[in-house]
Amino acid sequence: MDSFIVISLIKTFIIFAVLMTTLAYLQWVERKVIAHIQVRPGPYRVGPHGLLQPLADVIKLITKEDLLPPYVNKPLYLAAPFLAITMALLSISVIPFGPTIEVAGYRTWMQLTDLNIGVLFILAVSSMGVYGVALAGWASNNKYALLGGLRSSAQMISYELPLSMAIAAPLLISNTLSLRKLVGTQAGNLWNWNLFHGWQYVSFIIFLIAAFAETNRVPFDLPEAENELVAGFHTEYSSMKFASFFMAEYANMITVSCLATLLFLGGWVAPWPVEYGSGYVPVAIFALAGIIALTHGLNPARQRDRYTLPAFGVIFLIIAGIFLLPVMQPWLLPLFWFCAKTGAILFAFIWVRGTLPRFRYDQLMGFTWKFLFPAAVLNLLATGLVVALVS
Amino acid sequence: MSQVPISWFLTLSAILFVLGVAGFIFRRSIITMFMSIELMLNAVNLSFITFSYQLKQVDGHLFVFFVMVVAAAEAAVGLAIILTVFKNRQTLNIDEVNSMKN
Amino acid sequence: MDVILFLVFAIIAVLAAINVVVQTHPIASAVSLIGVMGSLAVLYLLLGAEFIAAAQVIVYAGAVMVLFIFVIMLLNAGAEARKGRSFMASLLGAPVLIALLALLAWFVERIYPEGMGVHFGGFTGGSPESIGHALFTTYMLPFEITSILVLIAIVGAVVLARKELD
């Protein structure tokens with residue numbers, strides 16, 4: 001019992017630390033990718049290639065003046081960002097990042113806890129996340145914030161329906177609600193993933209579209225865009241409370257990407273088994289990245305990159321070497337595949353942000369009620385029919 | 001003593017039910033009365049699940065499922081009615097929504 | 001451990017329920033009611049009703065209460081004015097309710113003097129599989145009827161709340 005508590009505390013700290021760093025650097029990745037889509041360099045002054053930009057942003061947000069306007073409803077004003085970030089972080093606690101890991105004789109899952117209603121837990125927590133937005137809009141005592149908050153929460157609850165139906169379709173195939181067992185049913189190779197073996201292409205697309213709307217990302221970010229409604233529901237928030245909403249949005253993005261990976265793309269299952277050499281794919285990728293960085297570092301395009309590019313090259317080659325160590329392979333390889341798939345979906349989120357214009361609010365609501373929800377229902381019916389006929 | 005006596009759950013359900021009744025009788029705003037109804041329904045749900053635990057059958061959970069569905073439907077229609085009443089009478093005080101002669 | 005969990009969440013539930021009844025502003029009552037539903041969800045988990053606990057949070061706390069909060073925000077319902085209350089009500093109100101409560105509690109304790117204890121893991125039949133099995137075999141008719149009921153409620157709510165076409 002004691003070792004269970006200590007191990008759980010250690011896992012909590014590790015997941016929290018990694019998640020916070022990932023949130024900060026996800027913002028860096030987003031700014032760089034959108035910048036390169038728009039043919040401009042993005043942040044590159046603060047640190048090599050702008051890598052210290054998130055640190056500068058955190059310092060700015062922490063040291064800004066923390067206003068408490070006198071006309072707001074104080075309990076709800078203070079509770080709303082807390083609720084938003086709590087629910088966003090709570091949903092990460094049931095996501096499995098890999099199979100079991102053995103450290104110093106203790107075997108444990110690479111997951112904080114495995115509930116046998118894991119999928120329902122994530123849905124429940126994301127339903128509670130609506131309150132952070134709605135109460136923030138109400139408590140701010142500001143008509144723009146109220147309109148933005150109402151619109152955003154109406155959008156979130158409207159898109160929860162196609163999201164739940166798109167989640168239910170692969171669950172019909174995998175027959176379990178526990179996230180760890182869900183990956184277990186997709187074990188083997190690429191063709192066992194729910195996306196391919198279960199023909200869940202339509203569910204995947206519906207899930208992604210509903211996920212874009214749930215997390216208030218472009219093209220559904222009208223309620224919080226800066227040039228609409230002042231700034232939406234977080235108009236009256238500054239400094240750390242604003243940072244909480246920001247972090248909550250990115251944490252929600254990570255959660256839905258992880259959920260898409262677990263439901264459709266097979267979680268941490270490698271595309272082909274380790275016996276046939278899939279363990280060398282990360283080695284090859286990092287070695288290639290290292291060699292490219294080193295060769296570019298020899299005659300850099302910008303003078304400031306003279307030392308940083310070779311440094312990155314060396315770091316990538318060291319990471320490639322770490323993947324070759326047999327002691328790290330049983331847990332590092334599945335973690336790599338999980339992060340690679342989640343990273344691909346997050347890249348798709350950022351790519352869409354840089355590409356598509358945003359929907360108008362009535363187009364957005366019409367889209368879900370008139371098109372996406374019937375499509376999700378038909379998809380669920382078709383999946384159920386096929387499952388019933390096949391088995 | 002790491003087991004909770006089952007009568008405590010039923011007593012908690014009774015307390016919540018009585019609080020719901022109190023809210024329903026003493027409050028004058030329609031929306032708060034509606035919320036007291038939801039509180040009463042939740043108290044009853046708790047007793048259903050407690051009895052389901054005692055009898056080791058899952059039927060109590062099914063009853064709670066149906067109570068939740070019916071409560072959700074009732075909340076939707078009831079709030080729509082409240083909106084219509086507000087549009088017509090411009091008040092949410094239930095004493096004033098009375099057009100009978102004394 | 002289970003006793004501490006029960007006591008903490010039962011006290012939170014009772015305090016939040018008292019807050020629902022006592023607060024004048026409807027939004028404060030609504031947020032307290034969300035607190036009641038959340039603590040009841042934890043108590044359901046203690047009783048082994050995991051699917052119902054998740055359904056409570058998703059349906060009740062996550063959808064029905066959001067609907068309440070939307071309506072309160074749309075109607076801009078302010079704090080309720082304290083009008084004149086009848087003398088009888090303020091004299092007899094609390095004592096009668098406490099008497100009712102004491103009667104209920106006495107009956108409960110009489111029936112379950114030494115009753116079985118509830119501990120986490122005592123009832124494992126509340127999983128989604130057993131609920132689904134019972135729902136689609138024994139309770140098929142109520143299931144179909146409640147789906148039609150929900151459809152009627154949707155149509156009714158849309159008809160009642162739409163703008164009048166002048």
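**Figure 1. Welcome to chain C, which has six helices and one strand.** This is a predicted model, and chain C is a friendly place to start. Followed along the sequence, its elements run in the order α-α-α-α-β-α-α. Chain C has 166 residues, and 34% of them count as buried. Take the contacts within chain C between residues with a separation of 6 or more: 61% of these join residues 24 or more positions apart. The domain assignment splits the chain into domain 1, residues 1-79, and domain 2, residues 127-166. Between the C-alpha centres of domain 1 of chain C and domain 2 of chain C there are 23 Å.

**Figure 2. Here chain C meets chain A, with 15 residues of chain C in contact with 16 residues of chain A.** Which helix of chain C gives the most to the side that touches chain A? Look for helix α3 of chain C, residues 50-75, which supplies twelve residues. Sorted by class, the side of chain C that touches chain A holds twelve nonpolar residues, two polar ones and one charged one.

**Figure 3. This view takes in the chains and how they pair up.** Two pairs of chains are in contact, and of these, chains B and C share the most contacts. Chain A and chain B, by contrast, do not touch. Their nearest C-alpha atoms lie 14 Å apart.

**Figure 4. Now zoom in on B:A75, a residue in helix α3 of chain B, residues 59-89.** Is B:A75 buried or exposed? B:A75 is buried, because 24 other C-beta atoms lie within 10 Å and 20 or more are enough to count as buried. Setting aside neighbours within four places in sequence, B:A75 is in contact with C:V64 and C:L67. For a sense of distance inside chain B, find B:L19 as well: B:A75 and B:L19 are 56 residues apart in sequence, and 19 Å lie between their C-alpha atoms.

**Figure 5. Chain A is divided into two parts, domain 1 (1-59) and domain 2 (64-279 + 323-390).** Their centres, taken over C-alpha atoms, are separated by 18 Å. Where they meet, domain 1 of chain A brings 17 residues to the contact and domain 2 of chain A brings 13 residues. On the side of domain 1 of chain A that touches domain 2 of chain A, nine residues are nonpolar, six are polar and two are charged.

**Figure 6. Helix α3 of chain A, residues 74-90, carries a kink.** The bend is about 25° and lies at A:A80, shortly before the proline A:P81. How does the span of the helix compare with what its residues should give? At 1.5 Å a residue, its 17 residues should span 24 Å, and the end C-alpha atoms are indeed 24 Å apart, so the two agree. Both A:A80 and A:P81 belong to the buried residues of this helix, which also include A:L76, A:Y77, A:L83 and A:I85. Among the elements that cover the buried residues of α3(A) are α4 (118-139) and α9 (239-264) of chain A.

**Figure 7. Finally, a hairpin in chain A is formed by β1(A) and β2(A).** Strand β1, residues 98-103, and strand β2, residues 106-110, pair in the antiparallel sense over five bridges. To trace the pairing, start at A:G98, which stands opposite A:M110 in β2(A). Two residues lie between the strands. In this turn you will find A:A104, with a positive phi of about 55°.

Conventions
Residues numbered from 1 in each chain as written. Chains lettered and ligands numbered in written order. Predicted model: local features only at pLDDT ≥ 70, side-chain atom pairs only at ≥ 80, totals over all residues. Contact = placed C-beta atoms within 7 Å. Helix = DSSP H or I, 4+ residues; strand = E, 2+ residues; numbered from the N terminus. Nonpolar A, V, L, I, M, F, W, Y, C, P; charged D, E, K, R; others polar. Domains from an automatic or database assignment. Expected span 1.5 Å × (residues − 1). Bend = angle between axes of the 7 residues up to and from the residue. Buried ≥ 20, exposed ≤ 12 C-beta atoms within 10 Å, placed from the backbone. Pairing = 2+ DSSP bridges.
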